[in-house]
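This report is intended for a reader who wishes to examine aromatic contacts, disulfides and internal space in a protein model. Please keep the sequence and the coordinates at hand while reading.

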Amino acid sequence: MRRTGALALITALTAGMFMTGQDVRGAEAAPALGIDLDTVTIPQLQERMAEGSLTSSELTAAYLHRIRTVDPRINSVLHTNPRAVAEAETSDARRRTGQVLGPLDGIPVLLKDNVNTRDMPTTAGSLALAGAPPDTDAELVTRLRDGGAVILGKTNLSEWANFRAEAPTSGWSAVGGQTRNPYVLDRNPCGSSAGSGAALAASLAQVAIGTETDGSIVCPAGINGVVGHKPSLGLVSGAGVVPISAEQDTAGPMARNVVDAALALAVLQGSEPVIPRADDLAGKRIGLWRLPELGPEVDALMTGAAEKFRAAGAEVVEVVLPYQDRLDELEFPALLSEFHRDIDAYLATRGGPRDLAELIEFNRRTPEEQTCFAGQELFEQALTAPPTTDPGYRAMRAELTDLAERSIDETMAEHRLDAIASPTNPPAWTTDCARGDDDVMPSSTPAAVAGYPSISVPAGFVGELPVGLLLMAGHRQDPALLSLAASVERELNAWRAPKFLPSLEG
């Protein structure tokens with residue numbers, strides 16, 4: 001009965017509601033709900049639900065319809081949760097008795113498919129994990145469920161979070177195929193939280209959860225024109241998340257606005273929700289790290305952003321972060337050792353390959369794992385990397401973390417900065433399995449290696465392709481950084497809806 005009722009509700013809500021005009025978006029406005037799914041915020045949704053003019057069931061049905069009708073163009077959602085409508089109905093029942101659990105109660109959320117869910121597959125994009133779901137939810141999923149969030153489904157990702165091949169193609173997995181960038185469909189959505197970023201750009205959920213080791217929340221956010229927050233290491237539990245490195249991995253919220261990201265983070269970390277205030281930038285000191293290697297068009301966007309910040313009363317200081325060459329030398333070898341340790345521990349909790357060696361053999365004998373790229377060079381290098389008990393590894397990780405922290409701390413102290421700003425991403429490159437990625441993302445590394453917070457907000461466009469502005473600050477300065485990001489978001493006012501263009505040619 002519940003499934004029949006859900007289908008009837010979806011049909012009634014969406015008949016004539018979404019398909020408008022010439023592009024596939026259709027749902028730029030949802031007349032039957034009286035809200036614009038592209039721009040509505042969680043506080044606005046909660047206000048509507050509190051006054052009785054919207055239910056979680058209606059909101060969930062609308063997003064499920066968008067997944068069904070819009071996602072075939074971008075291929076960002078791997079699975080929808082068969083219990084999503086029931087979860088929404090439960091939220092509505094709580095609300096009728098005045099028992100709202102928090103800011104995410106009744107809010108539809110998508111999870112990256114490397115986050116364990118006991119009632120849906122968790123594959124990391126690999127056929128090796130495509131059997132039975134995990135026995136338990138990831139701790140962050142428990143927090144979302146306890147907060148009343150509606151788990152809408154799982155998003156595609158770069159297989160094994162882009163830590164398999166030397167020349168991978170971001171957004172591709174053997175389980176899900178290739179996710180496409182909603183702005184220009186033959187362009188790449190960046191990895192590894194590619195599906196989460198693309199799904200949000202296409203308004204397929206209110207919030208999505210991504211994960212990052214270095215760049216995999218902020219780059220998909222920047223390149224898909226949304227907001228992505230990589231929290232300080234340790235704020236969000238990594239228990240039950242397919243790992244690369246416990247020394248750098250963190251899950252974090254992705255959303256279409258900073259407010260929603262901040263409220264989602266509060267639930268993920270179990271803290272009191274605080275809506276970040278978009279205060280004036282007057283008196284703020286922002287260090288601009290330009291990164292000219294991303295090209296003159298991106299640099300022009302940074303110049304424009306700096307002018308807007310100065311006009312709003314901020315002081316903008318040009319900076320260059322030290323130690324970057326050494327960080328680049330050390331990070332990858334350290335991650336190889338950590339991946340071998342951490343993936344072996346994770347695989348021991350799942351059916352399928354029991355360790356990295358068995359996983360390598362699985363890929364060798366499974367043709368479907370080689371349909372976009374065949375390589376698994378990183379797996380093979382990790383298998384022979386020094387163990388994390390090795391003194392050489394320990395010295396390498398200690399130096400790596402120290403230099404990353406100093407690169408931010410010393411720059412902020414020298415210039416008395418509130419934050420460091422840089423471009424998040426280059427314009428999206430054309431997806432090409434034969435060539436692999438064509439990405440340059442040096443701005444994410446200092447905060448990722450240091451375990452410090454960073455957040456990407458839309459900065460503008462190079463033609464039809466979004467570019468993000470990355471903000472980073474010191475350890476556990478997440479609340480202040482989110483507030484600054486809300487102010488920057490308001491000043492830049494750079495978001496615009498994707499057009500789902502087939503390509504930029506012709």
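The sections below treat the aromatic pairs, the disulfides, the cavity and the pocket in turn.

The model is predicted; local features require pLDDT of at least 70, side-chain atom pairs count only at pLDDT 80 or more, and totals for chains, interfaces and linings use all residues. Residues are numbered from 1 along each chain as its sequence is written, and side-chain values use heavy atoms, with hydrogens and water left out.

## Aromatic contacts

A search of the whole structure returns 6 aromatic pairs. Two rings of Phe, Tyr or Trp (the six-membered ring of Trp) pair if their centres lie within 6.5 Å; planes under 30 degrees apart are stacked, those over 60 edge-to-face, and the rest tilted. One of the pairs joins F163 and F332: the ring centres are 6.3 Å apart and the planes meet at 50 degrees, so this pair is tilted. F163 belongs to the loop between β3 (150–155) and β4 (172–173), and F332 to helix α10 (residues 324–347), so the contact ties together parts that are 169 residues apart in sequence. Helices (H or I, at least four residues) and strands (E, at least two) are DSSP runs, numbered from the N terminus.

Is each partner buried or partly exposed? F163 has a relative accessible area of 6% and is buried, whereas F332 is partly exposed at 31% relative accessibility. Buried here means under 20% relative accessible area, exposed over 50%, and partly exposed in between, with a 1.4 Å probe and protein chains only.

A further pair consists of W172 and F373, which is edge-to-face, with 5.1 Å centre to centre and 65 degrees between the planes. W172 is in strand β4 and F373 in the loop between α11 (356–364) and α12 (377–383), so the pair ties together parts that are 201 residues apart in sequence. W172 and F373 are both buried.

F163 and F332 also belong to one aromatic cluster with W160, F339 and F379. Elsewhere, the charged end of R496 sits over the ring of F461, 3.6 Å from its centre; the criterion is NZ of Lys or CZ of Arg within 6 Å of the ring centre and within 35 degrees of the ring normal.

## Disulfides

The structure contains 2 disulfides, a disulfide being a pair of cysteine sulfur atoms within 2.5 Å. With bonded cysteines counted along the chain, the pattern is 1-2, 3-4.

| Disulfide | S-S distance | Torsion about S-S | Handedness |
|---|---|---|---|
| C190 and C219 | 2.1 Å | 105 degrees | right-handed |
| C372 and C433 | 2.0 Å | about -100 degrees | left-handed |

C190 and C219 form a disulfide that links distant parts of the chain: C190 is in the loop between β5 (177–178) and α6 (194–201), and C219 in helix α7 (residues 218–223), 29 residues apart. Both C190 and C219 are buried.

C372 and C433 form a disulfide as well. C372 lies in the loop between α11 and α12 and C433 in the loop between β11 (419–423) and α14 (445–450), so the pair ties together parts that are 61 residues apart in sequence. C372 is buried at 10% relative accessibility, while C433 is partly exposed at 30%.

## Cavity and pocket

On a 1 Å grid over the protein atoms alone, a cavity is a set of points where a 1.4 Å probe fits but cannot get out; a pocket is an open set with protein on both sides within 12 Å along at least five of seven lines, and lining residues have an atom within 4 Å of a point. Grid points are joined across faces, edges and corners, and a volume is the space filled by probe spheres set on the points.

The structure holds 1 cavity of 30 Å³ or more, and the largest cavity has a volume of about 40 Å³. Its lining consists of N114, A124, W160, A161, V242, P243, I244 and F339. W160 and F339 are also members of the aromatic cluster. By class, the cavity lining has 7 nonpolar residues, 1 polar and no charged. Ala, Val, Leu, Ile, Met, Phe, Trp, Tyr, Cys and Pro count as nonpolar, Asp, Glu, Lys and Arg as charged, and the others, Gly among them, as polar.

The largest pocket encloses about 1,200 Å³. Its lining comprises 50 residues, of which F163, D214, E331, L335 and M441 lie nearest its centre. β6 (207–212), β8 (250–255) and α10 each contribute at least two lining residues, and α10 supplies the largest share, 7 residues. The pocket lining divides into 24 nonpolar, 16 polar and 10 charged residues.
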